[in-house]
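Q: Please take a close look at a single part of this structure. A formal, connected account for a newcomer would be appreciated.

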4 protein chains.
Amino acid sequence: MSDHPTYPTSLGVSDRHTISLLGQDLSTDLIGKVSFGHLAYRLITLREPTAPQARVFEAVLVALADHGFTPTAIAARMTYLSAPESIQGALASGLLGGGSRFLGVSEDTGRFLADALAGADELPTTPEGWDALAADAVRRQQAAGRFVPGLGHHLHKDGDPRIPALYDIAREEGQLGPHLALFEAVGRVAPEVTGKALPLNGAGACGAALADIGIPLELLRGVVLLARCAGLLGHIAEEARGHHVAADVFADVERHAVYVAPDPAPATGGEDA
Amino acid sequence: MSDHPTYPTSLGVSDRHTISLLGQDLSTDLIGKVSFGHLAYRLITLREPTAPQARVFEAVLVALADHGFTPTAIAARMTYLSAPESIQGALASGLLGGGSRFLGVSEDTGRFLADALAGADELPTTPEGWDALAADAVRRQQAAGRFVPGLGHHLHKDGDPRIPALYDIAREEGQLGPHLALFEAVGRVAPEVTGKALPLNGAGACGAALADIGIPLELLRGVVLLARCAGLLGHIAEEARGHHVAADVFADVERHAVYVAPDPAPATGGEDA
Amino acid sequence: MSDHPTYPTSLGVSDRHTISLLGQDLSTDLIGKVSFGHLAYRLITLREPTAPQARVFEAVLVALADHGFTPTAIAARMTYLSAPESIQGALASGLLGGGSRFLGVSEDTGRFLADALAGADELPTTPEGWDALAADAVRRQQAAGRFVPGLGHHLHKDGDPRIPALYDIAREEGQLGPHLALFEAVGRVAPEVTGKALPLNGAGACGAALADIGIPLELLRGVVLLARCAGLLGHIAEEARGHHVAADVFADVERHAVYVAPDPAPATGGEDA
Amino acid sequence: MSDHPTYPTSLGVSDRHTISLLGQDLSTDLIGKVSFGHLAYRLITLREPTAPQARVFEAVLVALADHGFTPTAIAARMTYLSAPESIQGALASGLLGGGSRFLGVSEDTGRFLADALAGADELPTTPEGWDALAADAVRRQQAAGRFVPGLGHHLHKDGDPRIPALYDIAREEGQLGPHLALFEAVGRVAPEVTGKALPLNGAGACGAALADIGIPLELLRGVVLLARCAGLLGHIAEEARGHHVAADVFADVERHAVYVAPDPAPATGGEDA
């Protein structure tokens with residue numbers, strides 16, 4: 001057996017008498033001692049959050065938990081309608097929408113800000129310095145033909161109400177780090193640089209805040225998914241209580257379906273080279 | 001538009017200036033004011049937990065978050081190995097194992113206990129009374145040819161260390177309700193009734209505790225999935241940091257694959273009736 | 001390494017120079033020699049289908065591939081809208097609706113028929129004999145408080161047009177076996193036995209046909225999922241070509257969302273036992 | 001109701017008496033008349049394949065259906081072990097690995113070839129012309145710091161045996177179009193241009209072949225997923241027949257798990273800006 005690979009982990013290991021998690025005794029050190037949000041932070045980072053970091057982390061999870069009838073919520077409800085015996089399928093179906101267009105904004109913003117910070121020789125110390133760094137980052141993003149992530153919201157056109165709430169908490173807790181500072185500067189300079197009046201959105205601020213409290217960039221979207229998990233369970237619970245939104249949406253879509261003949265597409269392929 | 005269906009929800013609704021969640025203002029009433037666990041309880045039940053209920057809820061989430069290299073964790077890691085750009089797919093892949101054999105125990109136990117309680121004319125008031133109710137429930141389960149859920153663990157054969165931790169907290173918080181009381185009694189009487197020395201397991205106790213704090217039975221598995229979401233993110237984060245467990249398991253499995261010819265199965269079907 | 005487990009399979013194994021599948025050389029014996037439907041039958045059953053079995057199998061796959069804007073199709077489109085870069089997520093999201101209410105009918109019907117056949121001392125040889133067996137099966141299902149699977153369709157109230165097509169092919173190919181014969185008899189006797197004029201539905205007939213050609217009962221739903229996979233790709237392809245059904249449904253649902261305050265639920269839990 | 005959106009589709013629409021698919025009557029025109037592979041091609045492209053296109057399409061589906069104990073197959077088996085009552089979850093879990101590292105090669109190769117072809121003023125007419133175009137494409141890919149997709153296989157180091165099989169069929173059917181021609185040229189020139197002896201792989205050739213028969217680039221991965229669906233059902237069927245590979249892998253992984261303390265990570269975040 002000496003040549004068998006071993007499988008290292010810093011998470012859970014068990015033997016007959018104990019369950020250890022993160023190197024601590026689950027039963028005596030963790031259950032009832034730490035909040036779920038605290039544990040989630042540790043599982044992701046392998047570090048204890050400071051109390052301020054933990055508060056920001058919980059605040060971000062709360063901010064991202066639910067946003068009503070999003071496409072992900074509709075998908076989860078549809079799947080629950082079809083397979084109510086498999087709640088895990090309904091939840092998974094909803095989480096699978098956690099991609100580039102909706103839930104990915106937090107991660108995209110975090111990466112955008114981290115790249116800009118990594119490219120700076122040293123961090124600015126004045127608002128003007130932050131504005132200059134932000135303007136430079138926005139211009140380079142535009143030059144590359146890419147959107148600036150974290151800007152604009154299809155509904156909150158005058159400003160996303162989560163923004164001041166998140167900044168207040170970060171400031172109170174001494175967690176307004178470079179990512180949030182740069183994001184705020186992006187909000188100040190973007191209208192002039194881009195020519196568009198797009199306010200900062202909450203998903204972007206959440207990404208910046210998570211980066212500032214030490215969540216690795218490649219796990220930012222994972223945190224969003226954890227938050228959304230709670231919201232999706234709320235939607236599934238409503239269906240389970242008999243709200244029937246999924247059935248009504250399905251009936252409405254079916255009723256308004258119309259057949260359209262496909263365009264006569266030009267033949268493609270088939271010529272031997 | 002008068003005949004258009006409306007889609008009712010008690011969760012999130014937004015307009016240009018506000019985001020409301022559960023009838024409260026997300027930004028001013030919830031972000032930074034409540035923990036993520038607290039919010040999750042409310043999204044699922046539409047009720048405010050009492051402080052004792054909230055503490056038990058967080059304790060259960062912590063107890064269920066991770067149990068090492070379970071099949072669900074292995075599935076999530078395999079999927080991350082194949083599609084690292086789609087963290088939502090890895091997470092969903094892991095959650096999809098939340099079914100009857102592993103993560104379903106909490107729900108099965110909660111339902112078993114709730115059925116037994118519903119069948120009792122009145123709740124027992126003495127340990128002997130609980131034991132009698134438990135013995136009756138176990139016997140009826142056996143008579144129906146079904147396992148008693150919440151008994152036994154493939155590793156913790158002398159007792160699951162989470163059990164005392166969970167009962168202590170429930171007792172401290174005044175939340176040791178009828179489901180936990182009956183479950184405890186099941187643990188006392190099961191060896192004699194079933195002839196097998198199977199101790200209570202932690203997943204079962206979690207189901208009982210959740211039922212006692214008012215989580216609807218049909219959402220018990222959903223709570224387990226929320227808890228496991230954090231653990232799966234921990235596994236994904238380990239892969240992302242370069243642990244390569246998935247790659248090593250894959251290589252080991254591939255190396256020990258052997259082809260076996262199928263049994264010459266008897267022909268079936270094909271006869272016209 | 002002698003104590004290392006081995007992992008047996010009758011499917012694919014590879015070495016440096018060959019890829020073997022089902023004990024044959026993939027490149028010389030299978031690619032271009034067999035249809036995809038034929039191979040799928042073999043992967044599931046480990047048996048070569050006869051030509052008649054293969055034709056029925058392909059017919060069933062075609063019959064089940066798409067049924068328009070079902071909840072599963074809507075879920076897949078919603079997920080594609082949210083995460084268009086992850087087509088596997090959109091497909092998986094749609095397949096996850098393959099449960100009890102919609103796509104599970106074929107399996108439920110196959111199991112119902114197989115149980116009834118297993119309970120018969122010998123197979124009937126006359127229409128009257130089949131009718132008696134069917135009436136008995138329907139009555140026992142009703143006595144157990146369960147629906148008779150395969151009966152009724154929310155749209156095709158006068159008969160599902162797939163039924164005659166499937167029976168014609170099965171008869172032509174000599175594959176009208178006991179499951180299809182019993183299902184046909186169920187259709188004859190059900191109105192009188194149940195007092196409801198519910199015609200046979202196509203999903204049920206597909207389950208019966210698959211059972212007759214030797215698909216194991218526990219894989220019936222798997223075949224339905226394979227069929228549906230093609231339909232879901234069709235829906236995803238429409239979204240990719242710019243149909244925007246998902247975006248329009250999302251916008252319509254969001255526009256008609258209304259907040260409802262939850263019922264003041266009675267407090268539950270919290271009393272110490 | 002006049003302002004209600006309509007939902008256009010060219011796939012399935014039904015009314016009380018008919019089910020129409022792709023503008024044809026499902027029951028009279030499609031069931032029993034076309035193979036499942038043929039229908040899948042049409043659902044994806046909205047065009048009838050020619051007989052040669054249909055044969056290449058089925059050949060590619062067969063080539064991609066299964067490759068043994070891949071990470072996707074292991075994930076599906078693990079999920080089936082955990083939730084055997086939810087076969088759709090096991091299948092979805094496996095498909096979710098259809099991302100960049102394994103199943104994405106076909107799409108990546110198709111896109112790489114299509115880009116190179118789009119950049120050519122006119123298609124080459126001689127082998128030397130194809131080689132020049134291929135060498136140019138490979139060089140540009142390298143200059144951009146990207147891998148050339150479709151090259152190399154962790155097992156088939158002397159050449160993937162599917163390559164000659166696929167080219168033979170494409171040639172026989174007159175479907176050796178520009179993508180396959182360019183891919184072949186890439187195989188000829190890559191060793192000299194890249195300095196590495198990496199042979200063409202089968203997944204890449206499948207992507208080229210699909211592009212040549214008119215599958216849209218954004219659906220190439222979808223076709224791979226459809227093919228893999230059949231293989232995953234084969235793995236699930238083996239578990240259902242009692243092979244227990246998943247249980248044995250799980251036990252082996254659990255047995256070789258070792259706890260490692262995390263690196264004392266440098267503190268991050270938390271400084272107010």
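A: The account below considers one helix and then an interface between two chains.

This is a predicted model, in which local features need pLDDT of at least 70 and side-chain atom pairs count only at pLDDT 80 or more, while totals for chains, interfaces and linings use all residues. Residues are numbered from 1 along each chain as its sequence is written, chains are lettered from A in the order in which they are written, and side-chain values use heavy atoms, with hydrogens and water left out.

Helix α11 of chain D covers residues 220–240; helices here are DSSP runs (H or I, at least four residues), numbered from the N terminus. The end C-alpha atoms of α11(D) are 30 Å apart, which agrees with the 30 Å expected for 21 residues at 1.5 Å a residue, the expected span being 1.5 Å times one less than the number of residues. A kink of about 25° is centred on D:Arg228, the bend being the angle between axes fitted to the seven residues ending at a residue and the seven starting there. Of the 21 residues in α11(D), 20 are buried (under 20% relative accessible area, 1.4 Å probe, protein chains only). After α11(D) comes D:Gly242, with a positive phi near 100°.

In the interface of chain B with chain A, 86 residues from each chain take part in the contact (heavy atoms within 4.5 Å). Two salt bridges link chain B and chain A (a side-chain nitrogen of Lys or Arg within 4 Å of a carboxyl oxygen of Asp or Glu). Helix α11 of chain B, residues 220–240, supplies 15 residues, the largest share of the side of chain B that touches chain A.

Note on methods. Helices (H or I, at least four residues) and strands (E, at least two) are DSSP runs, numbered from the N terminus. Buried means under 20% relative accessible area, exposed over 50%, partly exposed in between (1.4 Å probe, protein chains only).
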